[in-house]
Number of protein chains: 2
Amino acid sequence: MNNYSPYRSFPIVSNDKRVFNFCEIMREITVYAPATIANIVCGFDCLGFALDAPCDEMTLRLIDEKTVVIKHLDAFELPLEAEQNVAGKAVLVLLEAVEENIGFTIEITKNIKPGSGIGSSSASAVGAVVAANKLLGDRFSSRELAEFALAGEFVASKARHADNVAPCLFGGFTLVRSTNPLDIVELEFPPLFVTVIHPQIEIKTSEARKILPTEISLKSAIQAWSNLGALVAALSKGDYALIARSLEDFIVEPIRKKMIPKFDEIKSESLQAGALGGGIAGSGPSIFMLSETLETARTVENAMRVVYSATAIDFNIYVTQINAEGVRIAEK
Amino acid sequence: MNNYSPYRSFPIVSNDKRVFNFCEIMREITVYAPATIANIVCGFDCLGFALDAPCDEMTLRLIDEKTVVIKHLDAFELPLEAEQNVAGKAVLVLLEAVEENIGFTIEITKNIKPGSGIGSSSASAVGAVVAANKLLGDRFSSRELAEFALAGEFVASKARHADNVAPCLFGGFTLVRSTNPLDIVELEFPPLFVTVIHPQIEIKTSEARKILPTEISLKSAIQAWSNLGALVAALSKGDYALIARSLEDFIVEPIRKKMIPKFDEIKSESLQAGALGGGIAGSGPSIFMLSETLETARTVENAMRVVYSATAIDFNIYVTQINAEGVRIAEK
């Protein structure tokens, strides 16, 4: 991924259309595509970050036929037909831009549960196109890869949102300034630890979208953009107290939190335990909290565990940190 | 102003309540309070910056009576009664927090025309309280000074908005995350040059506020906060191309620009001349444009001059740069 540089923003034009020679390059690659969290409190529909764990594992092999063959090594019963599979569709769209008569087999072990709200489909799409691009000698720009991944993710979400694709591709915190044309900004950020609780209930993204208002008050919009501007500045300065003060959402959270049992309790107990702040991961049902230290993130984990142990709902909790790298290529 | 540090954000608690001794300190001071521009395109009601010019000049003298005496050396016919005068009111509120039986005479030469949209009343309020605080041995914190200035500005604007007060006090770009409680964020920014045209027409801030919608679409709000987040990141990185792309406003500008003759022409000709972008200064009637170099800012000036010379409206144009310092104390 030598054409990725930190803190760069789109648009990027690929000037790396090297002559492709099969003989010189590898024919198999394994990548790890991280979970991501979008809709970061005051950054609804634009701000996201990547997690160190969990990651999907994907192995791609070059084949001499213009096709994509999917194999899932997990138990999520995702579609195996390439056109219906997020990773498959993304790579099919990538192949449309490839002249040679080549294709890929894609072996996927999903560790990010679909529907958990932490970017499962983006990981599939981004991991697949990054791996394919590597096998093709890095011929596509980051922007092109993001476009291919978006086409893949559309299969699952029926929407064009780059706020999970962007952090999965670039790592760290990313802000999608515009989706059409795609304009992704990589943000500077300090060390941050993340506690994520995933209650084992289902929330459909389409349902979560339907309950949002189409109109909001100018006053609450001003409050929201003031908080987002402050959050971006706070991340850049490493001002943890300001990060905490900026993590407010009076628009989406009050509506969507009703879909997530014990949301208010999880939040108040996490803050009590020392978390800087947090909210709904994506469109839920996962809830995330940011902390300044690993120790605090673990205290937050315990607080969350106490709250959900009093319910009949199964849950997983991850304690991890912000992943600065994005999709990672496995070392041989 | 040794209690000001760059890139710090509120809240700040003053811990500098030193014992005050008249004999040790000066009794007269002159300060220059800069013009400021608020409502920076996608940063409506929160983002502002300070200009190198024009500046108001104010001389304060300590007197041994708890009163404020105003003298204006300009021709703007502003109220001379301290309670009705922005600078006077700000210092009166400051004096409420002072135990000693002291007061000030304030001699004001306003170079920032009231009603021009570039923070004339904020300059009066902030200049006066910074000067008074200096004569009192720096006993108040920046946050306290901002609060006094807001109380003064209320006399003119009948509203509590800190988006001109903040950049006048701190210099540079500031973001007001919250007005109540006051939370001001100083932003990092690269060198930027500013061209401001002030058409000699009157727009009342209260009128400019009345024509705004109370509700906006969630979609346009998302677009606005994505742009503001990107602008804050772009300023921090010194990414001029991203600054240019982020300077979009689809909410306030389309409505308020109708109050300003030739707005669209000024904007399109300025962009044509190489400006990064810009928009309405405050609630108008001034229009500002940002440029990467002084040379471009001067080309923009010429372009603006051509547009307005074809009208019957008188106008002033300033070419200046971002003022990183805020209120400046005159050297003896």
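Trainee: Which residue of S11(B) does Phe193(B) stand opposite?

Mentor: Phe193(B) stands opposite Gln321(B) in S11(B). Before going further, keep in mind that this is a predicted model, in which local features need pLDDT of at least 70, side-chain atom pairs count only at pLDDT 80 or more, and totals for chains, interfaces and linings use all residues. Residues are numbered from 1 along each chain as its sequence is written, while chains are lettered from A and ligands numbered from 1 in the order in which they are written.

Trainee: What do names such as S11 or H10 stand for, and what counts as pairing?

Mentor: Helices (H or I, at least four residues) and strands (E, at least two) are DSSP runs, numbered from the N terminus. Two strands pair if DSSP finds at least two bridges between them. In this structure, strand S7 (residues 193-199) of chain B and S11(B) pair in the antiparallel sense over 7 bridges.

Trainee: In what order do the strands of the sheet in chain B stand?

Mentor: The order is S9-S10-S7-S11 in an open sheet of 4 strands, with antiparallel pairing. Strand S9 (277-280) and strand S11 (315-321) of chain B are at the edges, where each has a single partner strand, so one side of each is left without a neighbour in the sheet. From one strand to the next, the twist averages 15 degrees.

Trainee: Which helices lie against these strands, and how are their directions described?

Mentor: Directions are compared through axes, which are lines fitted to C-alpha atoms, for helices over the stretch in contact, and angles run from 0 to 180 degrees between N-to-C directions. Contact itself has a cut-off, since two residues are in contact if their C-beta atoms, placed from the backbone, lie within 7 Å. Helix H9 (residues 263-272) of chain B lies across S7, S9 and strand S10 (287-291) of chain B, and runs at about 10 degrees to S10(B). Helix H10 (residues 294-309) of chain B packs on the sheet as well, touching S7, S10 and S11 of chain B, with a direction that makes about 15 degrees with that of S7(B).

Trainee: How should I read a place where two helices cross?

Mentor: A crossing is left-handed if the near helix is turned anticlockwise from the far one by less than a right angle, and right-handed if clockwise. Here the axes of helix H1 (residues 86-96) of chain B and helix H2 (residues 120-135) of chain B come within 8 Å and cross at roughly 40 degrees, and the crossing of H1(B) and H2(B) is right-handed. Among the residues that make the contact are Val86(B), Ala90(B) and Leu94(B) of H1(B), together with Ser124(B), Ala128(B) and Ala132(B) of H2(B).

Trainee: How do the residues of the contact of H1(B) with H2(B) divide by kind?

Mentor: Ala, Val, Leu, Ile, Met, Phe, Trp, Tyr, Cys and Pro count as nonpolar, Asp, Glu, Lys and Arg as charged, and the others, Gly among them, as polar. On that basis, the contact of H1(B) with H2(B) holds 9 nonpolar, 3 polar and no charged residues.

Trainee: Which strands pair with S2(B)?

Mentor: Strand S1 (residues 28-40) of chain B pairs with strand S2 (residues 43-63) of chain B in the antiparallel sense over 11 bridges, and Thr30(B) stands opposite Thr59(B) in S2(B). The hairpin of S1(B) and S2(B) has 2 residues between the strands, and Val41(B) takes a positive phi near 45 degrees there. Strand S4 (residues 103-109) of chain B is joined to S2(B) by 7 bridges and runs antiparallel to S2(B), with Glu57(B) opposite Thr109(B) in S4(B). Strand S5 (residues 173-179) of chain B pairs with S2(B) in the antiparallel sense over 3 bridges, and Gly48(B) stands opposite Thr174(B) in S5(B).

Trainee: How many residues of each chain are in contact with the other chain?

Mentor: In chain A, 39 residues are in contact with 39 residues of chain B. H6(A) gives the most to the side of chain A that touches chain B, with 14 residues, and the residues of that side divide into 21 nonpolar, 10 polar and 8 charged. Strands also meet between the chains, as 3 bridges join S8(A) to strand S8 (residues 215-217) of chain B in an antiparallel run, where the bridge partner of Glu215(A) is Ser217(B).

Trainee: What rotation superposes chain A on chain B?

Mentor: Copies are superposed by least squares on the C-alpha atoms of residues with pLDDT of at least 70 in both. A rotation of 180 degrees with 0.0 Å of shift along its axis superposes chain A on chain B, with an RMSD of 0.0 Å. That is the relation of a two-fold axis. The same surface serves both copies, as 100% of the contact residues of chain A recur in chain B.
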